[in-house]
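Trainee: Got a minute to go through this one with me? I'd like to talk about its fold and its charged side chains.

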Amino acid sequence: MAQYIADLTGVCGCSWGVIGSSTEEVVQKTKKHAMDVHHMQEVPAEIAQKLQKATRPAM
Ligand SMILES: [Zn+2]
C-alpha cells in the first residue's frame, strides 16, 4: 500500500513527519496538527504550499 510522508521541519518547524495512506490524509493530519499545536484556525496558503512541496511517497 502506498504511503506518503511530509516532513514538517520545512512546513511549520516541528521535527517530525506526518504519514498517511494518501496525500489527502497527510493534509488532513497536518491541518489537525496545525490547529492542535499551533492554534491555527485554518492552514494559511503559505503553509499549504510548503506542505504540498514537503509531501512525498514514503518507502
Ligand atoms: Zn508543527
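What follows is a short back-and-forth on the overall build and then the salt bridges.

Trainee: In what order do the elements of the protein run from the N terminus on?

Mentor: Keep in mind that this is a predicted model. The secondary structure comes to two helices and three strands. Reading from the N terminus, the order is β-β-α-α-β.

Trainee: What radius of gyration does the protein have, next to that of a compact globule?

Mentor: The C-alpha atoms fill a box of roughly 30 × 20 × 15 Å along the principal axes. For 59 residues, a compact globule would come out near 10 Å, and the protein agrees with that because its own radius of gyration is 10 Å.

Trainee: How much of the exposed area do carbon and sulfur atoms supply?

Mentor: Start with burial: buried residues make up 25% of the 59 residues. The protein exposes about 4,100 Å², and the share from carbon and sulfur atoms is 55%.

Trainee: How far apart do the centres of the positive and negative side chains lie?

Mentor: Count the charges before you look at where they sit. There are 6 positive and 6 negative side chains, and the centres of the two sets are separated by 4 Å.

Trainee: How many salt bridges does the count come to?

Mentor: Side chains of opposite charge can pair when their charged atoms come close. The cut-off here is a Lys or Arg side-chain nitrogen within 4 Å of an Asp or Glu carboxyl oxygen. By that rule, the count is three.

Trainee: Which residue forms a salt bridge with K29?

Mentor: Look in helix α1, residues 23–38, for a partner four residues away, so about one helical turn from K29. K29 is partly exposed at 39% relative accessible area, and its partner is partly exposed too, at 29%. The closest N and O atoms are 3.3 Å apart, and the partner is E25.

Trainee: What is the N to O distance where the side chains of K32 and D36 meet?

Mentor: Both residues lie in helix α1, four residues apart, about one turn of the helix. D36 counts as partly exposed, with 46% relative accessibility. The salt bridge between K32 and D36 has an N to O distance of 2.7 Å.

Trainee: Is E46 partly exposed or exposed?

Mentor: E46 meets K50 in a salt bridge at 3.5 Å, N to O, and the two are four residues apart in helix α2, residues 45–54. K50 is partly exposed at 33% relative accessibility. Exposed means over 50%, and E46 has 52%, so E46 counts as exposed.

Notes:
Residues are numbered from 1 along each chain as its sequence is written. This is a predicted model: local features need pLDDT of at least 70, side-chain atom pairs count only at pLDDT 80 or more; totals for chains, interfaces and linings use all residues. Side-chain values use heavy atoms; hydrogens and water are left out. Buried means under 20% relative accessible area, exposed over 50%, partly exposed in between (1.4 Å probe, protein chains only). The radius of gyration is taken over C-alpha atoms; the globule rule is 2.2 Å times the number of residues to the power 0.38. Accessible areas come from the Shrake-Rupley method with a 1.4 Å probe; for residues, only the protein chains shown count as cover. Lys and Arg count as positive and Asp and Glu as negative; His and the chain ends are not counted. The place of a charge is taken as NZ of Lys, CZ of Arg, CG of Asp or CD of Glu.
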